[in-house]
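Q: Please give a close account of the aromatic rings and of the surface around them. One connected answer would be preferred, with the cut-off stated for each term.

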Amino acid sequence: MRPLAGPVGAAAEAGIGLQRRAIDRLLDSGELEPLLGSSRLQAAIAQVIESDGAKMLVDAFFDSGLFERFVDRLLDSDALWHLVDVIAGSPAVTAAISQQGLGFADQLGTVLRGRSRKADDWLEHRARRAIHPRSPEKALDSGAAT
């Protein structure tokens with residue numbers, strides 16, 4: 001195998017060099033964006049995404065612990081919190097929060113009105129009993145009449 005190691009190694013290095021030069025030329029040419037928009041490349045990407053190999057790659061990503069590392073790094077990132085601030089301050093989110101707050105306030109108002117009516121009724125009943133106490137004879141008379 002030794003006699004082949006030199007030529008095989010040289011061919012591999014030449015192939016790697018050729019690949020790097022091709023990528024550099026593609027990036028420098030400005031043709032990358034039209035290539036990414038091509039329907040053939042989009043179809044190829046869709047085929048790759050739908051493949052079993054892609055599913056196995058995602059499973060390997062999660063099983064490897066890289067996802068947890070990704071989430072930890074994301075939570076440590078200032079960019080994430082900037083994104084959260086932008087989303088929280090967006091008109092759609094503030095409108096949704098306001099609407100939810102109004103709904104909650106309306107529910108709370110309904111409950112408080114009901115309790116207030118019960119408290120008013122209770123106080124009115126107590127006040128009437130304090131102003132017009134029932135004498136023991138009246139209570140007996142009303143009980144006998146019924």
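A: **Aromatic pairs and the nonpolar patch**

Four aromatic pairs are found when the whole structure is searched. Rings of Phe, Tyr and Trp (its six-membered ring) count as a pair if their centres lie within 6.5 Å; planes under 30 degrees apart are called stacked, over 60 edge-to-face, and the rest tilted. One of the pairs joins Phe 61 and Phe 67 in an edge-to-face arrangement, with 6.2 Å centre to centre and 75 degrees between the planes. Phe 67 also pairs with Phe 62, and this pair is tilted, at 4.7 Å centre to centre and 35 degrees between the planes. Through ring pairs, Phe 61, Phe 62, Phe 67 and Phe 70 are linked into a cluster.

The model is a predicted one, in which local features need pLDDT of at least 70 and side-chain atom pairs count only at pLDDT 80 or more, while totals for chains, interfaces and linings use all residues. Residues are numbered from 1 along each chain as its sequence is written, and side-chain values use heavy atoms, without hydrogens or water.

The same four Phe residues, together with Val 58, Leu 66 and Leu 74, make a nonpolar surface patch of about 590 Å². Patches consist of residues with over 30% relative accessible area and no salt bridge, nonpolar side chains (Val, Leu, Ile, Met, Phe, Trp, Tyr) being joined within 5 Å and like charges within 9 Å. A salt bridge is a side-chain nitrogen of Lys or Arg within 4 Å of a carboxyl oxygen of Asp or Glu. Areas follow the Shrake-Rupley method with a 1.4 Å probe, and for residues only the protein chains shown count as cover.

Helices α4 (52-63) and α5 (66-76) each give two or more residues to the patch, and α5 supplies the largest share, four residues. Val 58 lies in helix α4. Helices (H or I, at least four residues) and strands (E, at least two) are DSSP runs numbered from the N terminus.

Val 58 is partly exposed because its relative accessibility is 44%. Phe 62 at 40%, Phe 61 at 33% and Phe 67 at 31% are likewise partly exposed. That class lies between buried (under 20% relative accessible area) and exposed (over 50%), with a 1.4 Å probe and protein chains only.

As for confidence, α4 has the highest mean pLDDT among the elements, 94, and helix α8 (residues 136-145) the lowest, 56; pLDDT is the predictor's confidence in each residue, from 0 to 100.
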